[in-house]
Amino acid sequence: MHTKKNQTLGEFIIENQDSFQYSSGELSKLINAIRLAAKVVNHEVNKAGLVDILGKAGETNIQGEDQQKLDVFANEKFINTLANREIVCGIASEEEDDFISINSNDERNQNKYVVLIDPLDGSSNVDVNVSVGTIFSIYRRVTPVGTPVTLEDFLQPGNQQVAAGYVVYGTSTMLVYTTGDGVNGFTLNPAIGTFYLSHPNMQFPEDGSIYSVNEGKYMHFHQGVKDYIKYCQEEEGDRPYTSRYIGSLVSDFHRNMIKGGIYMYPKSSVTQEGKLRLLYECNPMAFIAEQANGIATGGKTRIMDIKPTELHQRVPFFCGSKNMVNKLQEFLEKYH
């Protein structure tokens, strides 16, 4: 992979087109659509305190969660931008009950890609000025080109992803993505609206000293997870580890990839299946983690090997630095 500092996202895609197994023009259109929508959403996120987009929209999404106004805005922007780019044949969003079929202006319906998206991950943090993000996952359709998409096109295991990434709207806005040939991060220069390569070849350190979990739910966790948390807190060797939990998957993941750490959202006695969504959150983050020398598991199974059965399926999720996830697995296996 060719990487040069100060390279724009567009230049990077062109220079590395050989690393994408399909048409480089298609990849460029896909990433450009996401880049454009991300810039629009970034603009709204950054002025959230000034206009009437704080608080709840008064509706709940398919998950039964209150939708923030920015959730709704981000959802509409990503769907409209992707639909207008003549590249995707279907979109599934965490905010929508069902997938959306995109009818191409080309009567033959030649678009080959479906996108699954969490438009504004961690949106409950907006009101308190904490980082939020967007997560996206891209697959090639499995049903015949020229026909409307079906549920089968979206219920593919993560190992079939052709690209995945996230945008983090923080102190700076970054777009991080992979096409299966490593992970690269691009930072937005807001003065000119251009993303520049700032973090080439991102990698999880094999060891880490940060664990990220909602410890307030500790009493509801599986015993193996409880034992691992206690292990993290022991005073021995390079432990105790540091506990860092933002409550925005994108932000927690991003920090741990740069500094070394493990992110955990286990199932519990309250959330029997786990809370995070396989298709919108876990699969894309697992693809990025594995491309960045990390591991992502549901506890028993590699995340990307899980065959989805429904659009809004939830699973337990553990990912991060190899040695930390492997150590967690040792604790989990004691109780299997």
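Select strand S6, residues 132-140, in this predicted model, and colour the strand by accessibility: eight of its nine residues are buried, so that S6 is mostly covered.

Keep S6 on screen and add strand S5, residues 113-121, which runs antiparallel to S6 and is joined to it by seven bridges. To see one of these pairings in detail, pick Val114, whose bridge partner in S6 is Tyr139.

Next add strand S7, residues 163-169, which is likewise joined to S6 by seven bridges and runs antiparallel to it. Here a useful pair to select is Ile135 and Tyr166, since Ile135 stands opposite Tyr166 in S7. While the side chains are displayed, it may help to recall that in a regular strand they alternate between the two faces of the sheet.

Now move to Thr8, which is found in the segment before helix H1, residues 9-15. Is Thr8 buried or exposed? Thr8 is buried, because its relative accessible area is 17%, which falls under the 20% cut-off. Show its surroundings as sticks: leaving aside residues up to four places away in sequence, Thr8 touches Phe186, Thr194, Phe195 and Tyr196.

For the last stop, select Lys267, Gly298, Gly299, Lys300 and Pro316, which, of the 18 residues that line the second largest pocket, lie nearest its centre. The volume of this pocket is about 330 Å³, and if the lining is coloured by class, eight nonpolar, six polar and four charged residues appear.

How values were computed: Residues numbered from 1 in each chain as written. Predicted model: local features only at pLDDT ≥ 70, side-chain atom pairs only at ≥ 80, totals over all residues. Heavy atoms only, no water. 1 Å grid on protein atoms, 1.4 Å probe; cavity = no way out; pocket = protein on both sides within 12 Å on 5 of 7 lines; lining within 4 Å. Points joined across faces, edges and corners; volume = space filled by probe spheres on them. Nonpolar A, V, L, I, M, F, W, Y, C, P; charged D, E, K, R; others polar. Buried < 20%, exposed > 50% of the residue type's maximum accessible area, 1.4 Å probe, protein only. Helix = DSSP H or I, 4+ residues; strand = E, 2+ residues; numbered from the N terminus. Pairing = 2+ DSSP bridges. Contact = heavy atoms within 4.5 Å.
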